[in-house]
Amino acid sequence: MNTIETEHVIIRSIAVSEMANNVYLLTGKETGSQVLIDAADDAKAITELVASGAQDTEAEPTLRAIITTHRHWDHIRALPSTSANFPEAMTIAGAADAAAITEAEGVEIAHSVDHLDVGDFGGFVLQAIALRGHTPGSIALLLRDGGQTILFSGDSLFPGGPGKTWSAEDFTSLMDDLEERVFGELPDDTLVLPGHGDSTTLGEERPKLGEWRERGW
């Protein structure tokens, strides 16, 4: 389990499944409010992750939301069980992926979000950034807290490049969104926490944007 601390939030993460999906838990230190990002697999491990957040707050911890970054099967396999285990948690996903998630897993997405929608979870705020290409409704989630900027990028941005796309048009769409909505708006010290693997920063990746464009999908 990895831990990152900001002024008001503690972020814990685990990797689950044969695809090493990252599952993130945010806990507000003062409020106990929690958000889970990507109930990818292994509902038991996810329940234990949520429980671990109790040590990060003096308040009563409450999982308020389960946010899915995109529709792909490896990011939603534990969504039905996790949602059933935490019925008070609102299910959230990008608007263009919500119906596909419901069809695949039978979990109704209670709230779908569009680009720049903001959620106040009591002690911290997350903003959705739509990154179209890996899937039509892929979203990244932006946390700004105490001078730190953290981007949960799903499968849209990794160390070394954008996430997989299946056509030149999708690749161009994703690169356009990354350059305009992420690299064009956020500082170099932004910490990027992806859906698989290691973290990076925008400053580390920014010099490679031209290489990514030339490399293509």
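Here are some short exercises on this predicted model, each with a worked solution.

Residues are numbered from 1 along each chain as its sequence is written. Local features need pLDDT of at least 70 and side-chain atom pairs count only at pLDDT 80 or more, while totals for chains, interfaces and linings use all residues, and side-chain values use heavy atoms, leaving out hydrogens and water.

**Exercise 1. Size up the chain: how does its radius of gyration agree with that of a compact globule?**

Start with the count: the protein chain has 217 residues. A compact globule of that length would have a radius of gyration near 17 Å, and the chain has 16 Å, so the two agree. (The radius is taken over C-alpha atoms, and the globule rule is 2.2 Å times the number of residues to the power 0.38.) Next, the box: along the principal axes, the C-alpha atoms fill roughly 50 × 40 × 30 Å. Finally, burial: 54% of the 217 residues count as buried, meaning under 20% relative accessible area with a 1.4 Å probe, protein chains only.

**Exercise 2. Work out the strand order of the open sheet of 7 strands, and find its edges.**

First, take stock: the protein chain has 6 helices and 15 strands. These are DSSP runs numbered from the N terminus, helices being H or I with at least four residues and strands E with at least two. Now the order: it reads 1-2-3-4-5-6-7, with mixed pairing. Two strands pair if DSSP finds at least two bridges between them. The edges are strand 1 (2-5) and strand 7 (111-113), each pairing on one side only. From one strand to the next, the twist averages 20 degrees. For a closer look inside, strand 4 (residues 33-37) and strand 5 (residues 62-68) run parallel over 5 bridges, with Ser33 bridging to Thr62 in strand 5.

**Exercise 3. Place helix 1 and helix 3 on their strands.**

Helix 1 (residues 43-52) lies across strand 2 (9-16), strand 3 (21-28), strand 4 and strand 5, at about 165 degrees to strand 2. Angles run from 0 to 180 degrees between N-to-C directions, using axes fitted to C-alpha atoms, for helices over the stretch in contact; contact means heavy atoms within 4.5 Å. Buried residues of helix 1 include Ile46, Leu49 and Val50. The buried residues of this helix pack against strands 2, 3, 4 and 5, plus helix 2 (79-85). Helix 3 (residues 95-105) lies across strand 5, strand 6 (90-94) and strand 7, at about 120 degrees to strand 6.

**Exercise 4. Which element supplies the largest share of the largest nonpolar core?**

Define it first: a nonpolar core is a set of buried Ala, Val, Leu, Ile, Met, Phe, Trp, Tyr and Cys residues joined through side-chain atoms within 4.5 Å. The largest has 24 residues, and Val23, Leu36, Leu63 and Leu79 have the most contacts inside it. Strand 2, strand 3, helix 1, strand 5 and helix 3 each supply at least two residues. Helix 1 takes the prize with 5 residues. Now zoom in on Leu79: beyond its neighbours within four places in sequence, its contacts include Ile66, Ile101 and Ile109.

**Exercise 5. Repeat the sheet analysis for the 6 strands in the other open sheet.**

The order is 8-9-10-11-14-15, again with mixed pairing. Strand 8 (118-120) and strand 15 (200-201) each have a single partner strand, so one side of each lacks a neighbour in the sheet. Inside, strand 10 (residues 139-145) and strand 11 (residues 148-154) pair antiparallel over 5 bridges, and Leu142 has Leu151 as its bridge partner in strand 11.

Methods: Buried means under 20% relative accessible area, exposed over 50%, partly exposed in between (1.4 Å probe, protein chains only).
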